[in-house]
Amino acid sequence: PISTISHALCGEPHIEAGEVSGSATLSRMPRMPSAVVGPHPFSASGMLLVEGSVLARLHAFRQDAPHKLEAGGILLGYRRGAHVHVSDATVPSSQDTRARTRFHRAAQHHQAVALAQWRASEELLDYVGEWHTHPEAMPQPSPIDLTQWRIIHGLTHREPMAFIIVGNHDVDWYGVGHHGRLAEIPMHAEA
């Protein structure tokens, strides 16, 4: 519903690059897969699907050169039971604050895009998560990322939420938050 989208987007997350302790399995992805899919970590029958067009849009902001600034936005898509299908993403606006290792998403632009798409989809498209870049080859959520994602998920949704960090080479980090838990998930390319 519109109240869910507007409530979810009214906050202005602050994301900073960094490291998180512990080991994690990262998925090495080809540059331009048609889509990636992975298991929902909290539902045996659920999956996360990210369309290839979304990956192309996110990968356009890879920080693969020293002058490229951190970027981010929201993920839009559909929930079908335990499945999360990411079909679109917003991109940075001039209202966002961007630096090499810092991104602050201003809500207004992203919320306007989400509401327009929600209306155009006959109220089916939803806010399903967040994405941003890190200037590192093996991206990992920073403590700030984890805190912000838990706040976003805890305050706005009881539904699963997808989180993506785009690395500066061919590795991206994918995770799902659900019922107060957050887990990284292995993704693989679909033909």
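**Close-up views of aromatic pairs, nonpolar cores and R79**

**View A. F61 is partly exposed, with a relative accessible area of 22%.** The model shown here and in the other views is predicted. Buried residues have under 20% relative accessible area and exposed ones over 50%, so F61, at 22%, counts as partly exposed. The structure contains three aromatic pairs. In one of them, F61 and W131 are tilted, with 50° between the planes and 5.9 Å centre to centre. This pair joins distant parts of the chain, 70 residues apart: F61 lies in the loop between α2 and β5, and W131 in strand β9. W131 has a relative accessibility of 1% and therefore counts as buried.

**View B. W149 and F163 form a stacked aromatic pair.** Their ring centres are 4.7 Å apart and their planes make an angle of 20°. W149 sits in helix α4 (residues 143-156) and F163 in strand β10; the two are 14 residues apart, and the pair links distant parts of the chain. Both W149 and F163 are buried. Ring pairs also bring in W173, so that W149, F163 and W173 make up a cluster.

**View C. The largest nonpolar core comprises 20 residues.** Within this core, the residues with the most contacts are L48, V50, L75, V86, W131, I164 and Y174. At least two core residues come from each of these elements: strands β4 (47-51), β6 (83-89), β9 (126-133), β10 (161-166) and β11 (171-178), and helix α2 (52-59). W131, shown in View A as the buried partner of F61, is one of the residues with the most contacts here.

**View D. I164 and its contacts, with a second core.** Leaving aside residues up to four places away in sequence, I164 touches V50, L58, L75, E130, W131, H132, W173 and Y174. Among these, W173 belongs to the ring cluster of View B. A second core of twelve residues is separate from the largest one; its members include I74, L125, I152 and I165.

**View E. R79 is located in strand β5 (residues 72-80).** The relative accessible area of R79 is 19%. Because the limit for a buried residue is under 20%, R79 is classed as buried. The R79 side chain makes a polar contact with the side chain of D126, at 2.7 Å. The side chain of R79 also reaches the backbone oxygen of P160, at 2.9 Å.

Technical notes: Residues numbered from 1 in each chain as written. Predicted model: local features only at pLDDT ≥ 70, side-chain atom pairs only at ≥ 80, totals over all residues. Heavy atoms only, no water. Helix = DSSP H or I, 4+ residues; strand = E, 2+ residues; numbered from the N terminus. Buried < 20%, exposed > 50% of the residue type's maximum accessible area, 1.4 Å probe, protein only. Polar contact = N/O pair within 3.5 Å; in protein donor to acceptor, adjacent residues only side chain to side chain. Core = buried A, V, L, I, M, F, W, Y, C linked by side-chain atoms within 4.5 Å. Contact = heavy atoms within 4.5 Å. Phe/Tyr/Trp six-rings, centres within 6.5 Å; stacked < 30°, edge-to-face > 60°.
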